[in-house]
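Me: I would like to go through this structure slowly and ask how each term is justified.
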Amino acid sequence: MTRSSDIEAEAFGPHDHQACRAQALAAVEAACAARRLRMTPARACVLEALLEAHRAMTAYELLDRLREAGLGSQPPVAYRALDFLVRNGFVHRIERLSAFVACTHGGSEHVAVFLICRGCRGVAEAVLPQLGAGLAASAAGQGFSVERMVIEGEGLCARCREAEAA
Ligand SMILES: [Zn+2]
Ligand SMILES: [Zn+2]
Ligand SMILES: [Zn+2]
């Protein structure tokens, strides 16, 4: 199978990505100011790389970006930046792909629901507050306190489905 769809995947629906990207960056900046978090050049570099497209990137791809930007070439540099971004809710780890994706919901508290395309590795994030609340209530009923919840749905995006059918 050829990966002609290895071009930068947009979110699965057409949208103004410039605006979407600017909004995400502004939300992170606001959150950093409010929570007194420090956005170092390495952290910003990783976040900006992830915001270029709605595509999951591995720590090694991100390390390449850091190296290109002259910000470091050792894996811990990438892992430390990712750890900060994930811990603060600006980036999510997609277990299914062992990769990372920028959050499109401004780092607010939410259950992340991902639609992951296995063709182009495109990732769309949906927020379903009722689903999160329902799961949390069910967990609470069993005396379980949920600290982190990520739901991953794998499949094919419209473009990859077309490519497969062709
Ligand atoms: Zn976008
Ligand atoms: Zn998110
Ligand atoms: Zn796809």
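Me: What makes β3 and strand β5 (residues 150-155) a pair, and in which sense do they run, parallel or antiparallel?

Reply: This is a predicted model, in which local features need pLDDT of at least 70, side-chain atom pairs count only at pLDDT 80 or more, and totals for chains, interfaces and linings use all residues. Residues are numbered from 1 along each chain as its sequence is written, chains are lettered from A and ligands numbered from 1 in the order in which they are written, and side-chain values use heavy atoms, leaving out hydrogens and water. Strands are DSSP runs of E with at least two residues, numbered from the N terminus, and two of them pair if DSSP finds at least two bridges between them. Six bridges join β3 to β5, and the two run parallel, so by that definition they are paired.

Me: Why is His17 called buried or exposed?

Reply: Buried means under 20% relative accessible area, exposed over 50%, and partly exposed in between (1.4 Å probe, protein chains only). His17 has 10% relative accessibility and therefore counts as buried, whereas His15, with a relative accessible area of 31%, is partly exposed.

Me: Which residues are the protein donors of the zinc ion (ligand 1), and why is the arrangement of the four donor atoms called tetrahedral?

Reply: Donors are N, O and S atoms within 2.8 Å of the metal (3.2 Å for Na, K and Ca). His15 (NE2), His17 (ND1), Cys20 (SG) and His54 (NE2) lie 2.0 to 2.3 Å from the zinc ion. Four donors count as tetrahedral if all angles lie between 85 and 135 degrees, and the angles here are 99 to 115°, so the arrangement is tetrahedral.

Note on methods. Helices (H or I, at least four residues) and strands (E, at least two) are DSSP runs, numbered from the N terminus. Four donors count as tetrahedral if all angles lie between 85 and 135 degrees; four count as square planar and six as octahedral if opposite donors are over 155 degrees apart and all others between 65 and 115; anything else is irregular.
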